[in-house]
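The following exercises work through strand pairing, an aromatic contact and charged side-chain pairs, each with a solution in steps. Please look at the structure before reading the solutions.

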Amino acid sequence: MVMAAITGIIFSAASGVLTAASAQEGQRIRIRMGDQTATATLNDSEAARDLVAMLPLSIRMRDHLGREKTGPLPGSLSERTRGSPTYDSSDLGYWRPGGNFVIFYRHDGLTIPSPGIVRLGRLVSGAQIFNVPGAIEVTVELIN
C-alpha cells in the first residue's frame, strides 16, 4: 500500500481515503457493535492522538466489573498523558498496564487503581449499547 504524508494528512492509495494524522479537540469517532453505533468526541491528549493514528481498529472487548468493556490495542499510547483515579459513565479511556481501550457504560462509585485511567474522550451517544453481558466485538473508526 502506498502512503504519503502531506501537511498532517495521510492519503491511502489503496483505499483512497484521507484521514487526519492527529486528533484535535472535537475529533469524532464511531464505535460499531454489530448493527448498533455509538459516537464519541476525543480530547486533545497525546494518547488520543496516538489512538487516532491506529484507526480504524477492530477490538474484541470483555466485560469488566459490570461497568466497562475493555480490549487490547495493537500498540501502546503516549506515556505523557496522565492517568486519573476517577471516571464518568460514557468516558473512553486507556488502561496503560494492560494496553486496553476502555468504554465506561456505567458508574459503580469506585475509583480506578494506580496508575489510573487515561481519559481519551467521551461518548456523545450510544453508551447504553455496551451494557450487555459478556464479550463483544467493536470497530472503531474516524468520522470525517
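**Exercise 1. Strand pairing.** Determine in which sense strand E4 and strand E5 pair, and over how many bridges.

Solution. The model is a predicted one, and the first step is to locate the two strands, E4 at residues 28-33 and E5 at residues 36-42. They pair in the antiparallel sense over 6 bridges, and as one example of the register, Arg28 has Thr41 in E5 as its bridge partner. The second step concerns the connection: E4 and E5 form a hairpin with 2 residues between them, and Gly34 in the turn has a positive phi of about 60°. The third step follows E5 to strand E10 (residues 118-125), to which E5 is joined by 4 bridges, again in an antiparallel run. Here Thr39 has Ser125 in E10 as its bridge partner.

**Exercise 2. The aromatic pair.** Classify the geometry of the pair formed by Tyr87 and Phe104, and state where in the chain the two residues lie.

Solution. A pair of aromatic rings is described by the distance of the centres and the angle of the planes. The count for this model comes to 1 aromatic pair. For Tyr87 and Phe104 the centres are 4.2 Å apart and the planes 20° apart; because planes under 30 degrees apart count as stacked, the pair is a stacked one. Tyr87 lies in the loop between strand E7 (68-72) and strand E8 (91-95), whereas Phe104 lies in strand E9 (residues 100-104), so the pair ties together parts that are 17 residues apart in sequence. As for burial, Tyr87 has 2% relative accessibility and counts as buried, and Phe104, with a relative accessible area of 1%, is buried too.

**Exercise 3. Salt bridges from the E7-E8 loop.** Work out which partners Arg80 and Glu79 have in salt bridges, and whether each residue is buried or exposed.

Solution. Side chains of opposite charge can pair when their charged atoms come close. The count comes to 10 salt bridges, among them the one between Arg80 and Glu46, with an N to O distance of 3.8 Å. This pair links distant parts of the chain, since Arg80 is in the loop between E7 and E8 and Glu46 is in helix H1 (residues 46-54), 34 residues apart. Arg80 is exposed at a relative accessible area of 68%, while Glu46 is partly exposed at 29%.

The next step takes Glu79, which forms a salt bridge with Arg96, the closest N and O atoms being 3.5 Å apart. Arg96 lies in the loop between E8 and E9 and Glu79 in the loop between E7 and E8, so the pair ties together parts that are 17 residues apart in sequence. Glu79 counts as exposed at 57% relative accessibility, whereas Arg96, at 18%, counts as buried.

**Exercise 4. A salt bridge between strands.** Find which residue forms a salt bridge with Arg122, and describe the accessibility of Arg122.

Solution. The partner is Asp91, and the closest N and O atoms of the two residues are 3.1 Å apart. Arg122 lies in strand E10 and Asp91 in strand E8, so the pair ties together parts that are 31 residues apart in sequence. At 38% relative accessibility Arg122 counts as partly exposed, while Asp91, at 5%, counts as buried. As a last step, salt bridges that share partners join Arg30, Arg32 and Glu141 into one network.

Conventions
Residues numbered from 1 in each chain as written. Predicted model: local features only at pLDDT ≥ 70, side-chain atom pairs only at ≥ 80, totals over all residues. Heavy atoms only, no water. Phe/Tyr/Trp six-rings, centres within 6.5 Å; stacked < 30°, edge-to-face > 60°. Buried < 20%, exposed > 50% of the residue type's maximum accessible area, 1.4 Å probe, protein only. Pairing = 2+ DSSP bridges. Salt bridge = Lys/Arg side-chain N within 4 Å of Asp/Glu carboxyl O.
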